[in-house]
Amino acid sequence: MTVTATSVRGRRWFLVQASRGVIGFALLGLAAACNADGDDDTDVPSGPGRSGSAAGLDWWRVDFAYVSAYVLVRGREAALVDCGLGSRLDELEAVLGAAGTGWGHVRHVLITHAHWDHHDGLIEVSSRAPDATIYAGAADLRHIQDFSGRQVRPVTDGEEVFGLQLVETPGHTPGHIAVFDTDSRVLIAGDAISNTMNGLQGPMSEFSNSLRTAEESVRKLAALEPQVILVGHGPPVQRDAAAQLRRLARSL
(Lines give C-alpha, C1' and ligand atoms only; values in the text may rest on other atoms or scores of the structure.)
Protein backbone atom coordinates (compact mmCIF):
# COMPACT_ATOMS: atom_id res chain seq x y z
CA MET A 1 0.00 0.00 0.00
CA THR A 2 1.33 3.44 -0.90
CA VAL A 3 0.25 6.96 -0.01
CA THR A 4 0.89 9.78 -2.45
CA ALA A 5 0.08 13.46 -2.17
CA THR A 6 -0.56 15.92 -4.98
CA SER A 7 -2.01 19.41 -5.10
CA VAL A 8 -5.61 20.04 -6.18
CA ARG A 9 -6.77 23.67 -6.24
CA GLY A 10 -4.40 24.57 -3.41
CA ARG A 11 -5.51 21.71 -1.15
CA ARG A 12 -3.77 18.54 -0.11
CA TRP A 13 -5.19 15.62 -2.08
CA PHE A 14 -4.30 12.13 -0.99
CA LEU A 15 -4.77 8.87 -2.79
CA VAL A 16 -4.40 5.81 -0.66
CA GLN A 17 -3.82 2.68 -2.74
CA ALA A 18 -5.18 -0.18 -0.65
CA SER A 19 -5.29 -3.84 -1.53
CA ARG A 20 -9.02 -3.60 -2.33
CA GLY A 21 -9.01 -0.31 -4.20
CA VAL A 22 -8.21 3.35 -3.97
CA ILE A 23 -9.42 5.72 -1.28
CA GLY A 24 -9.15 9.40 -2.17
CA PHE A 25 -9.63 12.17 0.30
CA ALA A 26 -8.93 15.91 0.51
CA LEU A 27 -8.10 18.05 3.52
CA LEU A 28 -9.35 21.60 3.32
CA GLY A 29 -10.28 24.49 5.55
CA LEU A 30 -14.00 25.09 6.06
CA ALA A 31 -13.76 27.71 8.78
CA ALA A 32 -16.11 30.59 7.99
CA ALA A 33 -17.04 28.66 4.81
CA CYS A 34 -13.98 30.06 3.05
CA ASN A 35 -10.71 28.68 1.78
CA ALA A 36 -7.29 30.16 2.48
CA ASP A 37 -7.69 32.64 -0.37
CA GLY A 38 -10.91 34.00 1.13
CA ASP A 39 -13.24 32.92 -1.69
CA ASP A 40 -16.45 31.08 -0.88
CA ASP A 41 -15.72 27.49 -1.90
CA THR A 42 -16.77 24.76 0.48
CA ASP A 43 -17.04 21.83 -1.92
CA VAL A 44 -14.19 19.39 -2.40
CA PRO A 45 -13.22 17.60 -5.62
CA SER A 46 -15.19 14.53 -6.56
CA GLY A 47 -13.66 11.27 -5.44
CA PRO A 48 -14.31 8.07 -3.53
CA GLY A 49 -13.48 9.72 -0.20
CA ARG A 50 -13.46 13.24 1.24
CA SER A 51 -12.43 15.16 4.32
CA GLY A 52 -12.74 18.59 5.85
CA SER A 53 -11.94 20.78 8.80
CA ALA A 54 -13.98 23.26 10.81
CA ALA A 55 -13.83 24.82 14.28
CA GLY A 56 -11.02 22.54 15.47
CA LEU A 57 -12.60 19.31 14.23
CA ASP A 58 -11.11 17.45 11.26
CA TRP A 59 -13.22 14.76 9.62
CA TRP A 60 -12.16 12.06 7.21
CA ARG A 61 -14.52 9.85 5.24
CA VAL A 62 -13.58 6.19 4.80
CA ASP A 63 -15.52 5.13 1.72
CA PHE A 64 -16.09 1.38 1.36
CA ALA A 65 -18.11 2.02 -1.84
CA TYR A 66 -21.41 0.85 -0.34
CA VAL A 67 -21.09 2.31 3.18
CA SER A 68 -18.93 4.95 4.88
CA ALA A 69 -17.25 5.28 8.25
CA TYR A 70 -15.73 8.50 9.58
CA VAL A 71 -12.55 9.46 11.41
CA LEU A 72 -12.86 12.57 13.59
CA VAL A 73 -9.71 14.27 14.88
CA ARG A 74 -9.13 16.95 17.51
CA GLY A 75 -5.47 17.67 18.01
CA ARG A 76 -3.80 14.27 18.28
CA GLU A 77 -6.86 12.39 19.55
CA ALA A 78 -9.24 10.53 17.24
CA ALA A 79 -12.73 9.07 17.30
CA LEU A 80 -14.37 6.68 14.85
CA VAL A 81 -18.03 6.85 13.87
CA ASP A 82 -18.87 3.35 12.62
CA CYS A 83 -16.17 1.00 11.35
CA GLY A 84 -17.42 -0.96 8.34
CA LEU A 85 -16.34 -4.53 7.74
CA GLY A 86 -13.52 -6.30 9.52
CA SER A 87 -12.22 -7.63 6.21
CA ARG A 88 -11.56 -4.06 5.05
CA LEU A 89 -10.03 -2.59 8.17
CA ASP A 90 -6.76 -1.83 6.37
CA GLU A 91 -8.58 0.92 4.48
CA LEU A 92 -9.66 2.49 7.76
CA GLU A 93 -6.11 2.15 9.03
CA ALA A 94 -4.79 3.93 5.93
CA VAL A 95 -7.01 6.94 6.60
CA LEU A 96 -5.96 7.02 10.26
CA GLY A 97 -2.34 7.05 9.16
CA ALA A 98 -2.88 9.82 6.63
CA ALA A 99 -4.77 11.81 9.27
CA GLY A 100 -1.64 11.64 11.44
CA THR A 101 -3.15 9.64 14.29
CA GLY A 102 -2.98 5.87 13.84
CA TRP A 103 -4.73 3.36 16.06
CA GLY A 104 -2.83 4.47 19.15
CA HIS A 105 -4.69 7.79 19.24
CA VAL A 106 -8.21 6.37 18.78
CA ARG A 107 -9.98 6.97 22.11
CA HIS A 108 -13.65 6.69 21.10
CA VAL A 109 -15.65 4.44 18.76
CA LEU A 110 -19.26 5.46 18.24
CA ILE A 111 -21.56 2.99 16.48
CA THR A 112 -24.63 4.65 15.00
CA HIS A 113 -26.78 1.53 14.87
CA ALA A 114 -26.98 -2.25 14.90
CA HIS A 115 -26.66 -3.08 11.22
CA TRP A 116 -23.72 -5.29 10.28
CA ASP A 117 -22.27 -3.01 7.58
CA HIS A 118 -21.67 -0.34 10.23
CA HIS A 119 -20.19 -2.45 13.03
CA ASP A 120 -18.91 -5.76 11.61
CA GLY A 121 -15.27 -4.73 12.18
CA LEU A 122 -15.68 -4.00 15.90
CA ILE A 123 -13.72 -6.98 17.17
CA GLU A 124 -10.76 -6.03 14.97
CA VAL A 125 -11.08 -2.36 15.96
CA SER A 126 -11.14 -3.35 19.64
CA SER A 127 -7.90 -5.26 19.13
CA ARG A 128 -6.11 -2.44 17.30
CA ALA A 129 -7.41 0.38 19.52
CA PRO A 130 -7.38 -1.19 23.00
CA ASP A 131 -7.66 2.17 24.81
CA ALA A 132 -10.83 3.22 22.98
CA THR A 133 -14.25 3.27 24.60
CA ILE A 134 -17.07 1.90 22.43
CA TYR A 135 -20.47 3.61 22.53
CA ALA A 136 -23.91 2.77 21.12
CA GLY A 137 -27.55 3.61 21.65
CA ALA A 138 -29.05 1.66 24.53
CA ALA A 139 -31.78 -0.02 22.47
CA ASP A 140 -29.20 -1.43 20.01
CA LEU A 141 -26.65 -2.29 22.67
CA ARG A 142 -27.17 -6.05 23.04
CA HIS A 143 -26.73 -6.77 19.34
CA ILE A 144 -23.66 -4.55 19.00
CA GLN A 145 -22.13 -6.01 22.15
CA ASP A 146 -21.94 -9.40 20.44
CA PHE A 147 -19.69 -7.92 17.74
CA SER A 148 -17.41 -5.85 19.99
CA GLY A 149 -15.33 -8.34 21.93
CA ARG A 150 -15.66 -6.13 25.03
CA GLN A 151 -17.96 -3.83 26.95
CA VAL A 152 -20.01 -1.28 24.99
CA ARG A 153 -21.16 1.81 26.84
CA PRO A 154 -24.80 2.87 26.32
CA VAL A 155 -25.43 6.53 25.55
CA THR A 156 -28.50 8.73 25.81
CA ASP A 157 -29.87 11.77 24.01
CA GLY A 158 -27.85 14.92 24.63
CA GLU A 159 -24.86 13.13 26.13
CA GLU A 160 -21.46 14.48 25.13
CA VAL A 161 -18.51 12.36 23.97
CA PHE A 162 -15.28 13.81 22.56
CA GLY A 163 -16.95 17.24 22.52
CA LEU A 164 -19.72 15.81 20.32
CA GLN A 165 -23.44 15.83 21.08
CA LEU A 166 -25.13 12.45 20.75
CA VAL A 167 -28.62 12.59 19.28
CA GLU A 168 -31.10 9.73 19.63
CA THR A 169 -32.60 9.16 16.16
CA PRO A 170 -34.68 5.97 16.38
CA GLY A 171 -36.65 4.56 13.49
CA HIS A 172 -34.09 2.95 11.22
CA THR A 173 -33.25 0.86 14.28
CA PRO A 174 -34.65 1.36 17.80
CA GLY A 175 -31.31 2.57 19.17
CA HIS A 176 -29.99 4.58 16.22
CA ILE A 177 -27.88 7.60 17.18
CA ALA A 178 -26.44 10.52 15.23
CA VAL A 179 -23.42 12.61 16.20
CA PHE A 180 -23.37 16.43 16.07
CA ASP A 181 -20.51 18.88 16.64
CA THR A 182 -22.17 22.08 17.82
CA ASP A 183 -19.12 24.28 17.12
CA SER A 184 -18.52 23.28 13.50
CA ARG A 185 -22.14 22.17 12.91
CA VAL A 186 -20.95 18.92 11.37
CA LEU A 187 -23.60 16.18 11.59
CA ILE A 188 -22.75 12.50 11.22
CA ALA A 189 -26.19 11.07 10.53
CA GLY A 190 -25.53 7.34 10.18
CA ASP A 191 -28.48 5.87 8.28
CA ALA A 192 -31.06 8.34 9.61
CA ILE A 193 -30.43 10.17 6.33
CA SER A 194 -28.92 9.01 3.04
CA ASN A 195 -27.60 11.06 0.11
CA THR A 196 -28.68 9.72 -3.27
CA MET A 197 -28.62 10.85 -6.88
CA ASN A 198 -32.01 12.43 -6.12
CA GLY A 199 -30.71 14.30 -3.08
CA LEU A 200 -31.24 13.68 0.63
CA GLN A 201 -33.59 10.88 1.59
CA GLY A 202 -34.77 9.38 4.85
CA PRO A 203 -34.07 5.71 5.58
CA MET A 204 -35.68 3.13 3.33
CA SER A 205 -38.81 1.57 4.77
CA GLU A 206 -37.77 -2.01 3.99
CA PHE A 207 -34.66 -1.66 6.17
CA SER A 208 -36.21 0.39 8.98
CA ASN A 209 -37.80 -0.66 12.23
CA SER A 210 -40.42 2.15 12.17
CA LEU A 211 -40.75 4.51 9.22
CA ARG A 212 -42.94 6.97 11.13
CA THR A 213 -40.39 7.19 13.95
CA ALA A 214 -37.58 7.54 11.40
CA GLU A 215 -39.37 10.51 9.82
CA GLU A 216 -39.64 12.18 13.23
CA SER A 217 -35.89 11.68 13.63
CA VAL A 218 -35.25 13.42 10.30
CA ARG A 219 -37.25 16.40 11.52
CA LYS A 220 -35.28 16.37 14.77
CA LEU A 221 -31.99 16.50 12.83
CA ALA A 222 -33.28 19.29 10.58
CA ALA A 223 -33.78 21.45 13.67
CA LEU A 224 -30.02 21.27 14.32
CA GLU A 225 -29.35 23.22 11.09
CA PRO A 226 -26.06 21.46 10.22
CA GLN A 227 -23.51 23.05 7.92
CA VAL A 228 -22.09 19.68 6.83
CA ILE A 229 -23.92 16.34 6.74
CA LEU A 230 -21.95 13.08 6.69
CA VAL A 231 -24.05 10.02 5.91
CA GLY A 232 -23.59 6.27 6.03
CA HIS A 233 -24.65 5.88 2.41
CA GLY A 234 -23.76 8.50 -0.15
CA PRO A 235 -21.31 11.42 -0.37
CA PRO A 236 -21.02 14.21 2.20
CA VAL A 237 -23.29 17.25 1.86
CA GLN A 238 -21.25 20.44 2.19
CA ARG A 239 -23.29 23.02 0.33
CA ASP A 240 -26.68 24.25 1.58
CA ALA A 241 -26.83 21.30 3.95
CA ALA A 242 -29.34 22.84 6.37
CA ALA A 243 -31.65 23.96 3.57
CA GLN A 244 -31.54 20.54 1.92
CA LEU A 245 -32.36 18.82 5.20
CA ARG A 246 -35.25 21.20 5.91
CA ARG A 247 -36.71 20.42 2.50
CA LEU A 248 -36.50 16.71 3.20
CA ALA A 249 -38.14 17.13 6.62
CA ARG A 250 -41.02 19.13 5.10
CA SER A 251 -41.58 16.47 2.44
CA LEU A 252 -42.10 13.62 4.91
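**Exercise 1. Which residues are linked with Glu 93 in a network of salt bridges?**

Before solving, note the basis: this is a predicted model, in which local features need pLDDT of at least 70 and side-chain atom pairs count only at pLDDT 80 or more, whereas totals for chains, interfaces and linings use all residues. Residues are numbered from 1 along each chain as its sequence is written, and side-chain values use heavy atoms, with hydrogens and water left out.

*Solution.* Step one is the criterion: a salt bridge is a side-chain nitrogen of Lys or Arg within 4 Å of a carboxyl oxygen of Asp or Glu. Step two applies it to Glu 93, whose salt bridge with Arg 128 has its closest N and O atoms 2.5 Å apart. Because Glu 93 belongs to helix H1 (residues 89-98) and Arg 128 to helix H3 (residues 122-128), this pair ties together parts that are 35 residues apart in sequence. Helices here are DSSP runs of H or I with at least four residues, and strands are runs of E with at least two, numbered from the N terminus. Step three completes the network, which links Asp 90, Glu 93 and Arg 128.

As for accessibility, buried means under 20% relative accessible area, exposed over 50%, and partly exposed in between, with a 1.4 Å probe and protein chains only. Glu 93 is partly exposed at 32% relative accessibility, and Arg 128 is partly exposed at 32% as well.

**Exercise 2. Describe the surroundings of Asp 181, beginning with its salt bridge.**

*Solution.* Start from the partner: the side chain of Asp 181 meets that of Arg 74 in a salt bridge, with 2.6 Å from N to O. Since Asp 181 lies in strand E13 (residues 177-181) and Arg 74 in strand E6 (residues 68-74), the pair ties together parts that are 107 residues apart in sequence. Next, compare the accessibilities: Asp 181 is buried at 0%, while Arg 74 is partly exposed at 22%. Then list the contacts (heavy atoms within 4.5 Å): leaving aside neighbours within four places in sequence, Asp 181 is in contact with Leu 57, Arg 74, Gly 163, Leu 164 and Val 186.

Finally, place strand E13 in its sheet, where two strands pair if DSSP finds at least two bridges between them. Five strands form an open sheet of mixed pairing, in the order E11-E12-E13-E14-E17; its edge strands, E11 (160-161) and E17, each pair on one side only. Strand E14 (residues 186-190) pairs with E17 in the parallel sense over 4 bridges, and Val 186 stands opposite Val 228 in E17.

**Exercise 3. Work out which residues of helix H4 are buried and what covers them.**

*Solution.* First, in H4 (residues 141-148), the residues Leu 141, Ile 144 and Ser 148 are buried. They cover an arc of only 70° around the axis, which means that they are on the same side of H4; the arc is that of the directions from the helix axis to the C-beta atoms. On the other side of H4, Arg 142 and Asp 146 are exposed. The cover over the buried residues includes strand E8 (106-111), helix H2 (116-119), H3, strand E9 (133-137) and strand E10 (152-155). After the helix comes Gly 149, with a positive phi near 80°.

**Exercise 4. Identify the elements that supply the largest nonpolar core.**

*Solution.* The definition comes first: a nonpolar core is a set of buried Ala, Val, Leu, Ile, Met, Phe, Trp, Tyr and Cys residues joined through side-chain atoms within 4.5 Å. The largest such core has 29 residues, and those with the most contacts inside it are Val 71, Leu 80, Leu 92, Trp 103, Val 106, Val 109 and Val 125. At least two residues of this core come from each of strand E5 (57-63), E6, strand E7 (77-81), H1, E8, H3, E9 and H4, and H1 gives the most, with 4 residues. Val 106 touches Ala 78, Leu 80, Leu 96, Ala 129, Asp 131 and Ala 132, not counting residues up to four places away in sequence.

**Exercise 5. Where are Glu 225 and Asp 240 found?**

*Solution.* Glu 225 is found in the loop between H5 and E17, and Asp 240 in the loop between E17 and H6. Phi is positive in Glu 225, near 50°, and also in Asp 240, at about 55°. Glu 225 is partly exposed at 45%, whereas Asp 240 is exposed at 54%.
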